[in-house]
Amino acid sequence: MNTKPRKVMIIGAGNVGTAAAWALLNQNICEELVLVDLNKTRAEAHCQDLSDAAAYMPGMMTITQRDASDCADVDIAVITVSGGPLKPGQTRLDELTNTARIMNKIVPDMMANGFNGIFLIATNPCDIITWQVWQLSGLPRNQVIGTGVWLDTTRLRRTLAQALDIGPQSIDAFILGEHGDAQFPVWSHSSVYGSPVSDVWKRRTGTELDTDAIAEKVRKLGFEIYAGKGCTEFGIAGTITEICRNIFTGSHRALAISCVLDGEYGKTGIAIGVPAVLAQSGVQQIIELQLAADEQAKFDDAARIIQQNIARLPQ
């Protein structure tokens, strides 16, 4: 029996990192939680605050602060640190240069100090940074993944659920492509227990499903949250926690996450949001879907945008 404590390191103790730590603690995902931040005083304060909360939880969790280089015993390293907040009118792609420069420093240092766990990228632009971290780390591609479009998929499901009065867990609809403006719902594979979502929608509402309006609403949700409160934190924290849970349990559940492709969907040289089966080693397999013609065109467009921005990565 494997009794090794499950250990998660969160790099970046800002809004996303601390919300993820809180979610991991509440859902009892691991036995050890490590916070990393340039502001060590703040990181230590978060550790003490979370430790107070942990005292009310069943079981025990050790919560500590350390440097990212002290990582040889870490199972999952969650990267939430970014190059700074977005300005009005900017997109996730505008965060690339500053965030990539941080990765150029952090990742090689971690690898030099023995990291051999799974990188989970939860910073933007997610797909490009996922590719960069894979390149910098030299790890097998199954060990470097991004949260990608799983949060967007959750937003799609809850949007449909609210209109249909059906629990979002019963709706098999998802987003593929870029975690950004080039994302798209895969309506050709979306259903409620086998019944096409469009059919369920029409029976429930008496109207035709406006797929473009739903896609646009979901695409804008993150920016609406950001505009209202200056960040997104709880949704992405839930995404991080869900991915960590499925890795630790070896669930073999498929989630729409950012994966490095090597011929899947006819693409190489990118990381992009696709359905992938998670196991304790990370990505166990990538599921290839037969996309409708318009969906394939959107996937190709997302891949092109990601590839163009990978070419902009600072050396």
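Let me begin with the largest pocket, which is lined by 44 residues, and of these G12, T80, V81, S82 and T123 are the ones that lie nearest its centre. I should say at once that what we are looking at is a predicted model, and that the volume of this pocket, about 1,100 Å³, is a value computed from that model.

If we ask which helices contribute to the lining of the largest pocket, each supplying at least two residues, the answer is α1, which spans 15–26, α2 at 40–54, α3 at 96–112, α5 at 150–164 and α7 at 211–229. The largest share comes from α3, which provides five residues of that lining. As for the chemical character of the lining of the largest pocket, 18 of its residues are nonpolar, 15 are polar and 11 are charged.

Let me now turn to the second largest pocket, where the space amounts to about 370 Å³. Its lining is made up of 15 residues, and W150, T154, Q169, E242 and R253 are those that lie nearest the centre.

Which helices each give at least two residues to the lining of this second largest pocket? They are α5 and α8, the latter covering 234–248, and it is α8 that accounts for the largest share, with six residues. The lining of the second largest pocket divides into three nonpolar, seven polar and five charged residues.

One point to keep in view on the structure is α5, since this helix supplies at least two residues to the lining of the largest pocket and also at least two to that of the second largest pocket.

Note on methods:
Residues are numbered from 1 along each chain as its sequence is written. This is a predicted model: local features need pLDDT of at least 70, side-chain atom pairs count only at pLDDT 80 or more; totals for chains, interfaces and linings use all residues. Side-chain values use heavy atoms; hydrogens and water are left out. On a 1 Å grid over the protein atoms alone, a cavity is a set of points where a 1.4 Å probe fits but cannot get out, and a pocket is an open set with protein on both sides within 12 Å along at least five of seven lines; lining residues have an atom within 4 Å of a point. Grid points are joined across faces, edges and corners, and a volume is the space filled by probe spheres set on the points. Helices (H or I, at least four residues) and strands (E, at least two) are DSSP runs, numbered from the N terminus. Ala, Val, Leu, Ile, Met, Phe, Trp, Tyr, Cys and Pro count as nonpolar, Asp, Glu, Lys and Arg as charged, and the others, Gly among them, as polar.
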